[in-house]
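Open the model in your viewer and keep the selection tool ready. We will go stop by stop.

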Amino acid sequence: MRRVFFSFHYERDVGRIGQIRNSWLTRGKASSFLDAAKWESIKRRGDDAIRGWINEQLRGTSVTVVLIGAKTANRRWVKYEIEQSIDRKNGLLGIYIHNVKDFRTGAIDNKGKSPFSKHFNFTPVHGQMVYLTSPHFIVQLRD
């Protein structure tokens with residue numbers, strides 16, 4: 001069994017993340033998702049507190065799943081989480097969530113850019129299929 005860290009744009013995508021949190025894939029693991037009150041408390045303590053919280057949550061994980069919404073790629077803390085995950089040699093998996101309905105509004109979103117493109121070279125293969133490789137892992141993303 002692997003311990004997973006979930007990275008996402010909290011404020012914008014929390015309504016979509018709720019769908020994922022409640023799915024059969026993460027039942028029993030809801031504690032790995034941060035609630036709004038806890039996030040606000042950490043944010044008020046500043047950048048060092050945020051970095052410390054992220055580092056603590058990454059401890060003991062072997063996989064980082066980045067839930068990619070419309071604006072995820074540009075988020076400062078998502079970038080930090082990816083960098084820390086690479087340093088820890090975590091496997092990385094990106095999942096586009098733009099077509100998941102926001103449980104609060106029922107709306108879907110625009111597809112965002114890949115937050116991994118800054119860190120890795122992508123090679124298009126067979127049309128829309130893209131393979132991401134490094135010495136530590138292989139991730140397949142479907143466009």
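In what order do the 3 strands of the open sheet run, and is the pairing parallel or antiparallel? The order is 1-2-3, and the pairing is parallel. Select strand 1 (4-7) and strand 3 (91-96): these are the edge strands, and each pairs on one side only. From one strand to the next, the twist averages 20°. Keep in mind as you look that this is a predicted model.

**Colour by confidence**

The protein chain has an average pLDDT of 78, and 71% of the residues score at least 70. Confidence peaks in helix 3 (residues 47-58), at a mean of 94. The lowest mean, 44, belongs to strand 6 (residues 138-142). Now select residues 135-143. Here pLDDT stays under 50, although the model has 27 contacts beyond four places in sequence for this stretch. Where pLDDT is low, the predicted coordinates should not be read in detail.

**Strand 2**

Select residues 63-68, which make up strand 2. Look first at its pairing. Strands of a sheet pair through backbone hydrogen bonds. With strand 1, strand 2 pairs in the parallel sense over 4 bridges. Pick F6 and you will find its bridge partner in strand 2, V65. With strand 3, strand 2 pairs over 6 bridges, again in the parallel sense. There, V66 has G94 as its bridge partner. V63 stands opposite G91 in strand 3.

Now show the side chains. In a regular strand they alternate between the two faces of the sheet. Which residues of strand 2 lie on each side? V63, V65 and L67 are on one side, with T64, V66 and I68 on the other. Both faces are covered. The count for strand 2 is 6 of 6 residues buried.

**T64**

Zoom in on T64, in strand 2. Why does T64 count as buried? Its relative accessibility is 0%, and the cut-off for buried is under 20%. Show its contacts, leaving aside neighbours within four places in sequence. You should find F5, S7, L58, S85, N90, G91, L92 and L93. Of these contacts, S85 is one of the buried residues of helix 4.

**Helix 4**

Select residues 76-87. Helix 4 has 12 residues. From its first C-alpha to its last it reaches 17 Å, close to the 16 Å expected at 1.5 Å a residue. Which of its residues are buried? They are W77, V78, Y80, E81, I82, Q84 and S85. Step past the end of the helix to K89, which follows helix 4 and has a positive phi, near 65°.

**Last view**

Display strand 2, helix 4 and strand 3 together. They make a right-handed β-α-β unit. Trace the path from strand 2 over helix 4 to strand 3 to follow this unit.

Terms used: Residues are numbered from 1 along each chain as its sequence is written. This is a predicted model: local features need pLDDT of at least 70, side-chain atom pairs count only at pLDDT 80 or more; totals for chains, interfaces and linings use all residues. Side-chain values use heavy atoms; hydrogens and water are left out. Helices (H or I, at least four residues) and strands (E, at least two) are DSSP runs, numbered from the N terminus. Buried means under 20% relative accessible area, exposed over 50%, partly exposed in between (1.4 Å probe, protein chains only). Contact means heavy atoms within 4.5 Å. pLDDT is the predictor's confidence in each residue, from 0 to 100. The expected span of a helix is 1.5 Å times one less than its number of residues. Two strands pair if DSSP finds at least two bridges between them. Axes are lines fitted to C-alpha atoms, for helices over the stretch in contact, and angles run from 0 to 180 degrees between N-to-C directions. A crossover is right-handed if, with the strands pointing away from the viewer, the path from the first strand over the helix to the second runs clockwise.
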